[in-house]
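Here's a quick tour for anyone about to open this one up. We'll go through charged pairs, nonpolar cores and a surface patch.

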Amino acid sequence: MTPKIICNFGVVNQKRHILIRMLMLGMITLMPSICYGRSRAADSMLINRMWEYYEHQQYDCSGVEQNLYMKYQIATKRRNILLFLIPTMYSIARGDKEYVSESYNKLHYHNAKDFSIQRQVICGTIPHNRNVMPALFDLLTPNLHSVQLYHDKILSPFHRTNRYFYKYRVNRKNGRTVVHFRPRSSNTQLIRGESEIDRRTGRVLTLKFEGEFDMINFKIDALMNRFDASSPLPDQCTTEATFKFMGNNIKSTISTFYNCPTTLPDSIDDVEDYQLMKKLRPIPLEKRDKAIYRAYELQEAEAERNDTIHKSSNKLKEAAWDFVGDNLINSTHTHTENISLNISPLLNPLYMGYSPSLGISYKLNVGARYAWNKNRYLTLNPQFGYSFKRDQFYYTLPLRMTYNPKRNGYAEVTWGNGNRTSHAALYEAYQKVMGDTAVMPEFKDEYVQLVNNIMCYDWLELTTGVIYHRRWSVDPEKMDEAGLTSRYNSFAPLISVRLRPWKKGPTLTANYERSFSNIFHSNLNYERWEFDAAYKHQNKSVRILNLRAGAGFYSHRTTDFFVDYTNFRDNNLATGWEDDWSGQFQLVDSRWYNSSEYYLRGHLSYDSPLLMLSWMPWIGRIVETERIYLSAMSIEHTRPYFEIGYGFKTRYLSTAFFASFLNTQYQKFGCKFTLELFRRW
């Protein structure tokens with residue numbers, strides 16, 4: 001029995017030994033977690049120190065000037081004919097597959113968030129030294145003090161308000177403290193990377209990150225200013241980018257060097273000089289750059305040896321390609337000392353869209369300016385549009401003379417047209433004579449408005465002027481047959497008062513218009529009042545709350561025909577996400593706008609870069625901003641009316657879905673979208 005007992009005790013002791021070993025192993029395993037848990041507090045303090053540094057560090061960049069050298073390399077890995085249709089890319093859509101461009105610039109900082117670049121010296125192998133993929137230039141200077149690293153894009157992991165969108169981890173190695181950050185969800189507004197920081201102050205010393213925005217995959221490697229610890233500006237920055245679209249694959253690298261020692265006089269502006277660039281560049285060219293330059297020089301020498309006929313043929317082809325690229329695909333920009341001209345491309349995807357009221361629509365912008373001096377200039381900014389559903393061409397031609405820009409002082413004359421329309425009261429009168437089944441012809445509408453605007457005080461702005469409307473029937477014979485007037489004209493002085501009593505409060509507007517008959521054949525007599533309040537509140541992490549409310553009424557009218565409000569009307573030109581989507585009704589019939597003696601309306605919209613759809617896999621990657629809509633109105637014959645909506649903006653298009661309710665009963669559903677492809681190009 002004894003051996004058996006000893007054996008059992010041996011088994012028990014063996015089990016205890018195994019248990020003890022497991023406990024010890026578990027403790028050893030848990031010890032790093034405990035140590036990590038203790039260091040977690042120190043890591044959190046370090047990350048908070050980094051946030052606090054950029055919250056409290058004050059650095060006045062206004063008036064700061066830097067000399068900036070930029071080298072731009074382009075390698076075409078794969079291309080096809082669709083590359084010609086991409087703005088700014090037609091220059092490299094044919095010919096060589098590798099290009100290099102250099103520029104020496106003067107960087108003017110207005111503040112830490114706003115700067116401009118004056119190109120002084122340029123050279124390279126890109127035809128005519130054109131800008132290719134200018135969207136990349138927005139990624140040159142990360143702004144660590146702002147909620148967004150770049151203008152209107154990329155939520156910064158170095159700003160405390162964005163902490164809910166990122167996960168952080170601190171690593172210490174060889175005396176370096178590195179903060180790693182990655183997004184909690186895959187989204188085009190977020191990045192992943194690392195930054196070396198100063199443990200004592202929390203200042204970022206080096207910065208590496210990668211992301212994707214506007215169909216461009218990019219990697220940034222920045223060295224912050226080494227000589228001025230208080231400066232938020234970088235010392236060097238390298239941007240590697242890849243653009244892929246419909247079978248095209250373009251890779252580019254931009255190397256940027258700030259604080260270059262040589263300062264050129266302001267009189268040197270956009271000069272093409274390779275020999276001067278040799279003296280200005282802060283680093284020597286790479287072998288690859290030299291090879292591209294050498295191949296380019298051989299091509300130029302070969303072209304010089306060609307005969308005159310061949311040379312003329314090449315010039316004709318170049319002129320043809322330039323015409324196509326400059327006018328059909330790209331925006332046209334022409335500037336002289338006094339004159340500037342900007343024309344949006346004829347194939348303008350940005351302003352092609354769809355709405356329930358307009359159907360498919362298209363818009364073209366033109367901008368021209370003549371300046372006598374910086375305080376006195378003339379501008380013409382016409383807009384043209386076409387609605388395929390209504391088969392109607394729209395235009396607005398505002399000619400403005402600015403005489404006091406500090407006080408927004410200008411005189412402006414505008415000529416334009418509105419929707420072809422009819423009126424319920426006029427339609428009833430027409431049917432009484434022509435029969436219940438008769439369809440009354442629509443009326444065309446043109447107007448001319450002459451106003452003067454001046455900001456009397458910082459909180460008070462005053463607009464005065466006159467407006468003349470001319471409406472005529474598209475079929476005057478039928479109107480004459482019904483015994484009704486086929487022309488309705490109105491001449492009305494107007495006055496508008498805008499109040500901004502609070503710097504961050506709402507803007508209040510009051511409009512008054514009084515029409516007199518028998519002036520320029522005017523046969524409409526009315527008196528109209530309108531009031532409006534608009535407020536935009538900027539929340540944390542680029543969240544925006546838009547509020548707008550308004551009311552209008554006619555205190556006097558001699559006829560019910562052609563009521564026409566200023567703030568309550570249909571927008572007949574295509575609008576994009578950044579336009580006035582949040583202050584409009586999307587599903588209202590255009591006839592409702594001119595059928596009531598009064599109106600009450602209100603609008604609310606809320607924008608957020610990461611709201612609901614952004615957190616979903618796959619599609620959430622490309623969602624840049626989301627918006628919730630709520631609109632309500634009450635008019636004489638229809639009240640109350642509501643619209644609710646949800647929209648989102650991607651790199652390809654902006655889309656919104658709306659549902660309408662009349663007296664709380666569902667009416668209809670509709671959607672609106674505009675193409676946003678290459679919007680920032």
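Is Arg-500 buried, partly exposed or exposed? Arg-500 is partly exposed, because its relative accessibility is 30% and that class covers whatever lies between under 20% (buried) and over 50% (exposed). Keep in mind that this is a predicted model. Arg-500 is a good way into the charged pairs, as it forms a salt bridge with Glu-461.

**Around Glu-461**

- The closest N and O atoms of Arg-500 and Glu-461 are 3.2 Å apart.
- This pair ties together distant parts of the chain, with the two positions 39 residues apart in numbering. Arg-500 sits in the loop between strand E24 (487-499) and strand E25 (507-515), while Glu-461 belongs to strand E23 (residues 460-473).
- Glu-461 counts as buried, because its relative accessible area is just 4% and the cut-off for buried is under 20%.
- Two asparagines also reach the side chain of Glu-461: the Asn-408 side chain makes a polar contact of 2.6 Å, and the Asn-453 side chain makes one of 2.7 Å.
- Setting aside neighbours within four places in sequence, Glu-461 is in contact with Asn-408, Asn-453, Ile-454, Met-455, Ser-496, Val-497, Arg-498 and Arg-500.

**Other salt bridges**

- Searching the whole structure turns up 21 salt bridges.
- Arg-288 pairs with Glu-98 in a salt bridge, and their closest N and O atoms are 3.6 Å apart. Here helix H3 (residues 287-305), home of Arg-288, is linked to strand E2 (residues 98-111), home of Glu-98, across 190 residues of chain.
- Both partners count as partly exposed: Arg-288 has 32% relative accessibility, and Glu-98 has 37%.
- Asp-266 and Lys-106 meet through their side chains in a salt bridge of 2.8 Å, N to O. The two are 160 residues apart, with Asp-266 in the loop between strand E12 (248-257) and strand E13 (271-272) and Lys-106 in strand E2.
- Lys-106 is buried, because its relative accessible area of 5% falls under the 20% cut-off.
- There's a network too: salt bridges link Lys-71, Glu-286 and Asp-289.

**Nonpolar cores**

- The largest nonpolar core has 64 residues, and the members touching the most others are Met-89, Met-133, Val-204, Phe-209 and Phe-243.
- Helix H1 (residues 2-56) gives the most to this core, supplying 6 residues.
- A second core, separate from that one, has 20 residues, including Phe-568, Tyr-599, Tyr-629 and Phe-658.

**A nonpolar surface patch**

- Leu-380, Leu-399, Val-413, Trp-415, Val-448 and Leu-450 make up a nonpolar surface patch of about 470 Å².
- Strand E21 (409-417) and strand E22 (443-457) each contribute at least two residues to the patch.
- Leu-399, one of the patch residues, lies in strand E20 (residues 392-404).
- Why can Leu-399 be described as partly exposed? Leu-399 has a relative accessible area of 35%, so it falls between the buried cut-off of under 20% and the exposed cut-off of over 50%.

Notes
Residues are numbered from 1 along each chain as its sequence is written. This is a predicted model: local features need pLDDT of at least 70, side-chain atom pairs count only at pLDDT 80 or more; totals for chains, interfaces and linings use all residues. Side-chain values use heavy atoms; hydrogens and water are left out. Patches are made of residues with over 30% relative accessible area and no salt bridge: like charges are joined within 9 Å, nonpolar side chains (Val, Leu, Ile, Met, Phe, Trp, Tyr) within 5 Å. Accessible areas come from the Shrake-Rupley method with a 1.4 Å probe; for residues, only the protein chains shown count as cover. A salt bridge is a side-chain nitrogen of Lys or Arg within 4 Å of a carboxyl oxygen of Asp or Glu. Helices (H or I, at least four residues) and strands (E, at least two) are DSSP runs, numbered from the N terminus. Buried means under 20% relative accessible area, exposed over 50%, partly exposed in between (1.4 Å probe, protein chains only). A nonpolar core is a set of buried Ala, Val, Leu, Ile, Met, Phe, Trp, Tyr and Cys residues joined through side-chain atoms within 4.5 Å. A polar contact is a pair of N or O atoms within 3.5 Å; within protein, one must be able to donate a hydrogen and the other to accept it, and residues adjacent in sequence count only if both atoms are side-chain atoms. Contact means heavy atoms within 4.5 Å.
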